[in-house]
Amino acid sequence: MRRIFQYAAPYKGRFYWSVILAIVLAALTPVRPLLIQLTVDQYVAQSLPKMVIYVTIIQMGIILIETLMRFAFSLLPHG
């Protein structure tokens, strides 16, 4: 096992970034469906258009962040 880690040592930084991005993406992915559910159940049902717009802007920001992170994740060599 030590030999394997010795060969992988030059790629330690990439490995850590890959793990961090994978964890953050796994945590971020279910947020959008929850926001959509909240929007429909609370704000659309109660006719609160300002809140619908606000949550939609938040969702667009999350999509942008998630897309950038997925792009960065895909650029990291995985093996």
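Which residues make a nonpolar surface patch of about 710 Å²? Keep that in mind while you get your bearings; we'll select them in a moment. One caution before clicking around: this is a predicted model.

**Stop 1: the whole chain**

Show the protein chain as a cartoon and colour by secondary structure. You should find 4 helices and 0 strands, running α-α-α-α from the N terminus on. The radius of gyration is 19 Å, well over the 12 Å that the globule rule gives for 79 residues, so the chain is more spread out than a compact globule. Turn the view to look along each principal axis in turn: the C-alpha trace spans about 60 × 20 × 15 Å.

Now switch on the surface. The accessible surface of the chain comes to about 6,500 Å², and 72% of that belongs to carbon and sulfur atoms. As for the interior, buried residues make up 16% of the 79 residues. If you like contact maps, take those contacts between residues at least 6 apart in sequence: 74% of them join residues at least 24 apart.

**Stop 2: the patch**

Back to the opening question. Select Phe15, Tyr16, Trp17, Val19, Ile20, Ile23 and Val24, and you have the nonpolar patch. Click on Tyr16, which lies in helix 2 (residues 12-28). Is Tyr16 buried, partly exposed or exposed? Its relative accessibility is 46%, so Tyr16 counts as partly exposed; the cut-off for exposed is over 50%.

**Stop 3: helix 3**

Select residues 31-44, which is helix 3. Try the distance tool on its end C-alpha atoms: they are 18 Å apart. That agrees with the 20 Å that its 14 residues should span at 1.5 Å a residue.

Next, show side chains for Leu35, Thr39 and Tyr43, which are buried. Notice the spacing in their numbers: an α-helix has 3.6 residues a turn, so residues three or four places apart point the same way. What covers these buried residues of helix 3? Helix 4 is part of the answer, so to speak, and that's where we go next.

**Stop 4: Gln59, looking back at helix 3**

Select residues 49-75 for helix 4, then pick out Gln59 within it. Is Gln59 buried or exposed? With 15% relative accessibility, Gln59 counts as buried, because the cut-off is under 20%.

Finally, show what Gln59 touches. Leaving aside residues up to four places away in sequence, Gln59 is in contact with Arg32, Leu35, Ile36 and Thr39. Two names should be familiar from the previous stop: Leu35 and Thr39 are among the buried residues of helix 3.

How values were computed: Residues numbered from 1 in each chain as written. Predicted model: local features only at pLDDT ≥ 70, side-chain atom pairs only at ≥ 80, totals over all residues. Heavy atoms only, no water. Patch = residues over 30% accessible without salt bridge, like charges linked within 9 Å, V, L, I, M, F, W, Y side chains within 5 Å. Areas by Shrake-Rupley, 256 points an atom, 1.4 Å probe, with all protein chains shown as cover. Salt bridge = Lys/Arg side-chain N within 4 Å of Asp/Glu carboxyl O. Buried < 20%, exposed > 50% of the residue type's maximum accessible area, 1.4 Å probe, protein only. Rg over C-alpha atoms; globule rule 2.2 N^0.38 Å. Contact = heavy atoms within 4.5 Å. Expected span 1.5 Å × (residues − 1).
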